[in-house]
Amino acid sequence: MDSPDCVLIGFNEIDFGDFARAQQAFETTSGSYQELLTNSVLLGDTRRTYMDLLNAVRERMTGQPSHLTAFEMPSLGVAYLASFLRRRGFGVDIVNFFNTGKAQLAQSLARSPRAVAITTTYYVDDEPIRQIIRFVREHNPDVPVIVGGPRVHNLCAGQPARVQDVLLRAIGADIYIDSAQGEDTLASVLGALRDKGGDLSRTPNLIYRDRAQPRGPLLRTLPMVENNDLNENAVDWSLFDPGYYTPTTYMRTSRSCSFGCAFCNYPAMAGPLTLSDVSTIEAELRYLCDHGLRNIIFVDDTFNVPLPRFKKICRMMIENKFDLRWVSFFRCSNADDEAFDLMAEAGCVGVFLGIESGDQRILKNMTKFARTDRYAYGIQELTRRGIVTLASIVLGFPGENEESVTNTIDFLNQTQPTFYNVQLYYHDVLAPIEKKREEYGIEGSGYSWRHATMSWQEAAEWKIELIRRVQGPALMPLYGLSIWCIPYLMAQGMTMDDIVRFAKSATRLVTKGLQTDRTDPDREIDAIVRDLSGAGAVRA
């Protein structure tokens, strides 16, 4: 069998307990550990994700091992890159989920591939990448390892070359792609490795090791902005076995975001909002549905922007009778009653709402161009149509104080979204808010900050207070299980009621875990089993 040009590797989910212990070292200097505490449960003396807890509950109810993980679903980054490369004649092996694909990866590495490429879409830490690279080196020390994607682009952004070298060398790859997109650069790298003896000097957007001086400074090629057409490069699912993408997969219909929220650097990184044609979306969905797709997750940051296009997509799905269950991001400030009706009829079961704050003054500081009354109306109308909502909150943004936090607590209690999450403010020095550092008295960055009205320590205390005082909505975490997992769990036989009841039970355990250093895992699991008694799908 011929050697593949590339082996694409998807996500590596590291042990959450190990991650929590590593983060605890920063407990007094950063809000990162506090962020972890409110996005996990305490079982015994170990931090676990909601999905870990759900697996423990299922095992207790069935007596059988349970290994649910949302990362079983196709990695959209891997699928997109594999489609992009295969269309250009490259042979590509796929390892969708590193944790369960190690044997498959070892087999691919034994075939002497020309390169290994690691996607970094979900990473906020480099250890998962290093683990993959160590595995690759153990099985094939000579294959070039390429790392690209958001993690690399964000690490490099705004940093001088000497700092980039330190950060990238710590990861341990051979070639790094520093680009907001990067798929065309990856194809060029593979072409150079296959046809040009490995000369990378004319391939743009690269940072790579000099094989003649491996300990010297990393080499760099000229930057070049990529603008890959979304219609021409929509994922060609015919290049994959249907078992890969059914019954649930991800889909993207646009790139970037048309808004400029003060805390977010994504639009600046990704460039102007670019949209796929509705006809392209229709063709992709028709193929997927004809081959067994049942659930879909739209990952566009602003799926309902522009609104006329969103309505057209919903009508197209209705007219084609695709009968899909789907979730997406959604902006209540960019919707009307017709949109609510259409999305419900088109199969929407849940939406992620970037509410950010229930205080109008903070929304203005964030440049959100949204009103709390429109948020409230949107949650009401979505709920009335049977669509579950997740209200995402950022706590601690410059200007935040006791009054604004109280207003957010009141907003959540009054509007009653199905789920909510609350994130500590993270000060990104590349986001627009950085330009107002002096105006708001901002000091520090990341999760270590203070400004004129609050410090990260005070925000962490308010976050715990918010969780204690919000009654009704279930706390939905960022790690392991979020609204994006709903289609996956429904495909596993759980009902929406099962999912909501589980999340509410887990919320009580989160609150308990903020008050103690240890819980009784058997007692806590038994309590959740009782909460879910009669939930046949969880027992299945």
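These are my notes from looking up one strand, one arginine and one helix pair in a predicted model.

**Entry 1: strand β16**

I started with β16, which covers residues 388-395. Buried or exposed, I wondered, are its residues? Eight of its eight residues turn out to be buried, so I put the strand down as mostly covered.

Next I checked which way the side chains go. Val 388, Leu 390, Ser 392 and Val 394 point one way from β16. Thr 389, Ala 391, Ile 393 and Leu 395 point the other way. Both sets are buried.

**Entry 2: the neighbours of β16**

Which strands does β16 pair with? I found β15, residues 348-356, running parallel to β16 and joined to it by five bridges. I also found β17, residues 419-424, again parallel to β16, with six bridges between them.

Leu 390 is a handy landmark here. In the pairing with β15, Leu 390 stands opposite Phe 352. In the pairing with β17, Leu 390 stands opposite Phe 419. I then followed the chain from β16 to β17 and saw that it passes through helix α17, residues 402-415. I noted this β-α-β crossover as right-handed.

**Entry 3: Arg 255**

I moved on to Arg 255, which I located in strand β11, residues 254-255. Why does Arg 255 count as buried? Its relative accessibility is 5%, and buried means under 20%, so Arg 255 falls in that class.

What does Arg 255 touch, leaving aside its neighbours within four places in sequence? I listed Gln 181, Asn 227, Asn 228, Leu 230, Tyr 266, Pro 272, Leu 273 and Thr 274. For two of these contacts I wrote down distances. The Arg 255 side chain makes a polar contact with the side chain of Asn 227 at 3.3 Å. The Arg 255 side chain also reaches the backbone oxygen of Asn 228, at 3.0 Å.

I looked up a distance to Gly 358 as well, which sits 103 residues from Arg 255 along the chain. The C-alpha atoms of these two residues are separated by 28 Å.

**Entry 4: helices α13 and α14**

Last, I looked at α13, residues 307-319, and α14, residues 337-345. How do their axes cross? They come within 9 Å and cross at roughly 30 degrees. I recorded the crossing as left-handed.

Then I noted who makes the contact. From α13 I have Leu 307, Phe 310, Lys 311, Cys 314, Arg 315 and Ile 318. From α14 I have Glu 338, Ala 339, Leu 342, Met 343 and Glu 345.

Note on methods:
Residues numbered from 1 in each chain as written. Predicted model: local features only at pLDDT ≥ 70, side-chain atom pairs only at ≥ 80, totals over all residues. Heavy atoms only, no water. Buried < 20%, exposed > 50% of the residue type's maximum accessible area, 1.4 Å probe, protein only. Helix = DSSP H or I, 4+ residues; strand = E, 2+ residues; numbered from the N terminus. Pairing = 2+ DSSP bridges. Right-handed = clockwise from strand over helix to strand, strands pointing away. Contact = heavy atoms within 4.5 Å. Polar contact = N/O pair within 3.5 Å; in protein donor to acceptor, adjacent residues only side chain to side chain. Axes fitted to C-alpha atoms, helices over the stretch in contact; angles between N-to-C directions. Left-handed = near helix turned anticlockwise from the far one by under 90°.
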